[in-house]
Amino acid sequence: MRRISRRTFLRMAASLGVAGVPSLAALYAVAETHAQAQAPRVVRIAHLSHRQGEDARMASYAIMGAQLGAEEADITAGMFGTKVELIIEDGVTPANMPALVRKLSAPEHLTAIIAALDDPTTASLSAFTQQERLVCLNTTARGGDLRGEKCHRSTFHVEPDLAMYTHAMGQWLLQNNRKRWYSIVSEAGFGQEVYHRSRRFLQQQGGADLGCSVITLGQSAYQDVLAHLGGVEAEAVVVALMGEELRHFLEQYRASGLKTLLAGIPLDMSALWQASLESLQGVWVTSWYYGLERFSARELNRRFYRRFEKPAEGFAWTNWAAVKLVMEGVLRSASMEASALVSYLESAPPFDGHKGRSLTFRGWNHQLRQPLYVLKVREDKPENPWDRLQLIGELPPPAAPSQLVVEVLDTLGEPPTESLCRLEAR
Amino acid sequence: MAMNPQVFARKRLRVVPLLRSYVVPSIIMTLAFANIWVASAASQPKAYITNEKSNDISVIDTATYKVAATVPVGERPRGIRLSPDGKRLYVALGDEDRIAVVDTTSLQVIEKISSGSDPESFDISPDGTRLFVSNEDANTASVIDLQTRQIVASVPVGIEPEGVTVSPDGRLIYVTGETSHTISVIDADGLKVLATILVGSRPRESAFSPNSQKAFVTAEIGGTVSVIDVPGHKVIATLTIEGGDSKPKGVVATPDGKKVFVANGASHNVAVIDAQSHEVITTIPVGQRPWGIALTHDGKKAYVANGVSNDVSVIDTATQKVIASIPVGKMPWGIAVSR
């Protein structure tokens with residue numbers, strides 16, 4: 001039987017003037033009913049990650065999040081005669097990705113691919129899925145180019161980009177009267193991008209960029225950097241480092257006795273727990289926090305902990321959310337076709353990510369709008385490493401009754417006027 | 001020392017007239033006044049408000065719009081319902097995993113019933129014999145027999161179930177699934193799910209029309225109200241409130257079936273919906289974060305619990321204006337109004 005996409009259905013309904021109902025909302029309601037009647041049978045979602053080396057921690061949380069999402073999606077889909085199948089592939093590289101994706105989609109149609117991969121592999125996958133007419137949801141890669149010059153219509157970004165993380169931290173620092181920043185960033189792309197975004201943000205908001213130290217990969221000595229930092233009278237030090245560089249810097253910063261507030265962008269909590277960054281201090285920005293309680297975040301955190309005996313972190317959240325988005329798209333559009341899912345996600349359906357706000361994808365670069373969280377590292381070092389972080393800010397603040405939710409959330413990230421993204425035509 | 005019977009008889013003779021003259025009339029008068037007070041108290045509708053943070057309920061005299069009593073009930077009271085005869089008030093205690101039972105005459109907690117974890121919302125069958133409670137963690141709705149206090153059934157429903165509403169005819173129970181965006185329609189006799197309906201994002205509560213033919217479901221994140229054709233188990237309209245930026249939560253239909261009132265949370269207002277045309281007629285500014293909403297039984301007044309401003313707004317449903325604002329406890333959540 002031929003399936004009718006939601007868009008087609010709405011177009012048909014509009015042309016027929018369904019029951020004289022003028023509003024899109026009313027038409028959508030009819031589409032919802034339609035969805036119940038025509039729900040497809042099996043939603044197949046491929047989850048691609050690289051569970052090796054530095055990426056292993058990230059991948060393991062990403063997989064757990066996707067598993068919980070799939071189990072919950074299967075319950076919901078089951079109520080409408082549909083099943084959700086999650087296919088996990090955790091050895092994905094740019095080299096083996098095309099063959100792997102073709103193999104996965106050969107026996108039966110893949111509804112969507114969830115990418116829990118690094119930036120280069122995600123970029124390759126994004127281009128490939130566009131060519132193969134598959135939908136891709138990026139849950140881990142943060143680079144601006146994926147949402148900019150390398151953007152594609154069939155890719156949607158659940159993971160916040162570095163601009164959003166930087167702006168959230170920036171908003172918090174300005175709220176707390178810290179306008180003079182010095183930056184210590186990795187020579188890797190993400191470090192350079194954070195510095196670029198920070199400087200631009202300060203220019204726009206009337207703050208002062210006091211300069212930047214670029215840390216080379218493998219650098220372990222920070223005496224010169226710290227000596228310079230001691231003389232710049234910064235009100236905050238923006239830190240964009242990862243792995244061993246981050247560990248060395250934090251240890252030597254603590255030993256130096258410097259007291260300027262460290263503002264980390266972003267925090268990978270799984271790294272904190274597994275590597276036990278003893279010297280971690282300051283404030284850090286993240287996309288999810290296991291201590292969130294409001295808006296049913298407590299319930300989601302409980303479900304995750306009950307399932308895996310681990311607290312949820314950012315990548316767990318983005319992957320849980322990605323599966324939920326796909327399942328909702330299929331149920332509400334009554335189609336598993338890529339074009340229908342793209343149209344559904346582009347129609348800005350209000351997504352409930354347990355963040356208390358309606359989350360929608362930006363039309364100009366397919367980035368999911370969402371609030372982020374600023375966490376403070378407790379100095380008293382509690383026994384349980386999970387207790388080392390406490391929530392001190394949700395950015396941007398919730399919209400006032402006179403404000404539009406979308407406009408408030410768009411204060412994080414690149415505005416359409418600055419975006420280099422040019423999505424392919426439909 | 002034993003009293004001489006004759007002395008006793010004389011004294012008794014003196015006492016009896018005294019009783020007859022003064023004490024008995026006094027008692028009769030006192031009882032009469034008490035009866036009048038009780039009758040008056042009983043006849044005057046009361047609004048009962050759960051205060052989530054102060055762990056009590058505020059009892060509002062609907063004649064004076066003043067708090068007549070504050071009753072401590074237990075930890076984290078939220079959902080609240082009156083028994084059909086008005087003699088018992090049931091209050092969900094989220095942090096105690098129990099439902100408190102309050103005697104509406106003495107205003108004392110007389111019992112606490114085990115309910116499963118973190119009870120938030122529930123409803124009572126029209127005959128007052130069963131309680132239907134959502135169990136958020138277990139994705140089930142429990143059915144409690146109010147005679148035996150036992151859970152007699154546990155029905156699988158959507159993910160993160162919350163709002164529970166029994167249809168006025170007692171035949172159906174609607175349970176919202178906040179994470180699955182569903183309404184599970186339970187047959188009240190067979191205690192099985194008859195249908196699952198996909199509604200707006202994060203459905204919180206539902207309200208039936210008095211004839212049980214339509215239901216209105218609020219969706220907090222979707223910013224919508226779904227209108228359901230109850231016999232057909234189908235969404236027939238979806239109203240977007242304030243461009244989707246409101247957060248609809250509490251919902252109630254007027255006894256004449258003409259209007260629906262929706263408490264819009266973060267928008268700090270109440271939307272009035274035409275139940276026939278499914279259009280928003282107006283929005284009424286109230287206190288901060290209106291959450292629970294209930295109507296008087298004549299439908300003339302709506303009481304709205306404002307969670308952030310710690311007060312209750314009283315709306316005249318004819319003029320659609322707020323006519324009173326009553327300070328209550330901390331973080332008022334749910335409301336029940338007696339006959």
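In the predicted model, the charged end of B:Lys249 sits over the ring of B:Trp333, at 3.9 Å from the ring centre. A comparable arrangement is found in chain A, where A:Lys355 lies over the face of A:Trp317 and is placed 4.2 Å from the centre of that ring.

Contacts between aromatic rings were examined across the whole structure, and the search returned 8 aromatic pairs over all chains. One of the pairs is formed by A:Tyr289 and A:Tyr290, whose ring centres are 4.8 Å apart and whose planes meet at 50 degrees, so the pair is classed as tilted, because angles under 30 degrees count as stacked and those over 60 as edge-to-face. With a relative accessible area of 8%, A:Tyr289 is buried, and A:Tyr290, at 15% relative accessibility, also counts as buried, since the limit for this class is under 20%.

A tilted pair is likewise made by A:Phe304 and A:Phe308, for which the ring centres are separated by 4.9 Å and the planes are inclined at 50 degrees. Both of these residues belong to helix α11 of chain A, which covers residues 297-308, and they are 4 residues apart, about one turn of the helix. A:Phe304 counts as buried at 3% relative accessibility, and A:Phe308 is buried with a relative accessible area of 13%.

Aromatic contacts in chain A also extend to a group of three residues, in that A:Tyr222, A:Phe249 and A:Tyr253 form one aromatic cluster.

Note on methods. Residues numbered from 1 in each chain as written. Chains lettered and ligands numbered in written order. Predicted model: local features only at pLDDT ≥ 70, side-chain atom pairs only at ≥ 80, totals over all residues. Heavy atoms only, no water. Phe/Tyr/Trp six-rings, centres within 6.5 Å; stacked < 30°, edge-to-face > 60°. Buried < 20%, exposed > 50% of the residue type's maximum accessible area, 1.4 Å probe, protein only. Helix = DSSP H or I, 4+ residues; strand = E, 2+ residues; numbered from the N terminus. Lys NZ or Arg CZ within 6 Å of the ring centre and 35° of its normal.
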